[in-house]
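Q: Could we go through this chain together, from the overall fold to a few single residues?
A: Certainly; here are the sequence and the structure.

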Amino acid sequence: MIRRPEDIDLAILDLNKAMDAHLEWVVNVLDACLNDGELRDNIMSSSAHKRCRFSRWLRKVSPLDEAEKTCIAELNTTHHHMHDTGRQLVSALIRGEMQSELVDAFRHALITFSGVLIRYKTWLIALRSQHDNLTGLPLRQLLNDTFDNGMVSLSGKYPYLLLMDVDYFKKINDTLGHLAGDNILRCLASELRKSARQHDCVFRYGGEEFILILYASSDTTAADIAARIGLTISRHSFVINEKRVGVTLTSGITRIFPGDTLEKAVSRADKALYEGKKQGRNRAMFINSQHSIALINAA
């Protein structure tokens, strides 16, 4: 599963708010050193790190892969350590036993925590840049990453690649204008996203081409999914500038085999797609490991 751009935007916004809250916490630590009261109670509690805003944000994060899981674990550890060193510093000051080592430890804990935060925020921003601004779909770089991480079976289901191309898109641009063409791509992306199931993911591959990585128990099931998507799009009425515009797709689908690179899988699917174009468009074609192409459905 790939995080949606709106979810990334929300994560960055929430992270910024949590970071601001911890700047306030640092001020509270200084205040607790000088004054008694409620602020001191918040700093001195052994569970303070569980009650702060950052901790609440951290509990909401659902890592999508091992790398993000490692980063979140590191955030949790450094955050906890920062609270501990802050409590130790305030406690020493209250007792009149100020030690430079405690100040250094607190400073180091702050710097370490901030460094992990910055790395995670930088990763989120980089992830956001790998999504198409027009359609909101992930771009080819994330598709490459998906293959680099290895395509494996999922609960007895196999991975398939569905390559889809909008029929006569140049004619749409020439007739209705490029803004209308952009609107169609945006609406099409939304419809494809609705068609995707929980573990499937839609990518904008380039221009008017889209790729769906899907999981199915058999070639027949995968072919049925490809046929259903094509039929859904052909029946959908795209309203552009108060005009109803019909859109159809020609697609090629192939199973992703162990050891396949993205280029190999796309090359097979593209051959099937090209055959569908030759046969008249608005159809889905299946290609097997022997490069034998069969029609799935046609208008």
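**Fold, cores and two residues**

Q: How many helices and strands does the chain have?
A: The chain of this predicted model has eleven helices and eight strands.

Q: And why is it called more spread out than a compact globule?
A: The radius of gyration is 26 Å, whereas the globule rule gives 19 Å for 299 residues; the value is well over that figure, so the chain is more spread out than a compact globule.

Q: What box do the C-alpha atoms fill?
A: Along the principal axes, the box is roughly 85 × 45 × 25 Å.

Q: What share of the residues is buried?
A: Of the 299 residues, 43% count as buried. The chain exposes about 15600 Å², and 52% of that area comes from carbon and sulfur atoms.

Q: What about contacts between residues at least 6 apart in sequence?
A: Among those contacts, 67% join residues at least 24 apart.

Q: Switching to charges: how far apart are the mean positions of the positive and negative ones?
A: They are 6 Å apart, for 38 positive and 36 negative charges.

Q: Now the interior. Which residues of the largest nonpolar core touch the most other members?
A: That core has 44 residues, and the ones touching the most other members are F54, W57, L75, Y120, L161 and I211.

Q: Which helix gives the most to this core?
A: Helix α6, covering residues 100-129, gives the most, with nine residues.

Q: What does W57 touch?
A: Leaving aside residues up to four places away in sequence, W57 touches A11, D14, L15, A18, L75 and Y120. Two of these partners, L75 and Y120, are also listed with W57 among the core residues that touch the most other members.

Q: What other core lies apart from the largest one?
A: Another core, of 33 residues, lies apart from it; Y160, F169, I233 and I253 are among its members.

Q: Let us turn to K277. Is it buried or exposed?
A: K277, found in helix α11 (residues 262-278), has a relative accessible area of 16%. Buried means under 20%, so K277 is buried.

Q: Which residues does K277 touch?
A: Not counting residues up to four places away in sequence, K277 touches D165, V166, D167 and T250.

Q: And R235, buried or exposed?
A: R235 lies in helix α10 (residues 219-235). Its relative accessibility is 67%, and exposed means over 50%, so R235 counts as exposed.

Q: How far is R235 from G246 in space?
A: The C-alpha atoms of R235 and G246 are 7.9 Å apart, and the two residues are eleven residues apart in sequence.

Notes
Residues are numbered from 1 along each chain as its sequence is written. This is a predicted model: local features need pLDDT of at least 70, side-chain atom pairs count only at pLDDT 80 or more; totals for chains, interfaces and linings use all residues. Side-chain values use heavy atoms; hydrogens and water are left out. Helices (H or I, at least four residues) and strands (E, at least two) are DSSP runs, numbered from the N terminus. The radius of gyration is taken over C-alpha atoms; the globule rule is 2.2 Å times the number of residues to the power 0.38. Buried means under 20% relative accessible area, exposed over 50%, partly exposed in between (1.4 Å probe, protein chains only). Contact means heavy atoms within 4.5 Å. Accessible areas come from the Shrake-Rupley method with a 1.4 Å probe; for residues, only the protein chains shown count as cover. Lys and Arg count as positive and Asp and Glu as negative; His and the chain ends are not counted. The place of a charge is taken as NZ of Lys, CZ of Arg, CG of Asp or CD of Glu. A nonpolar core is a set of buried Ala, Val, Leu, Ile, Met, Phe, Trp, Tyr and Cys residues joined through side-chain atoms within 4.5 Å.
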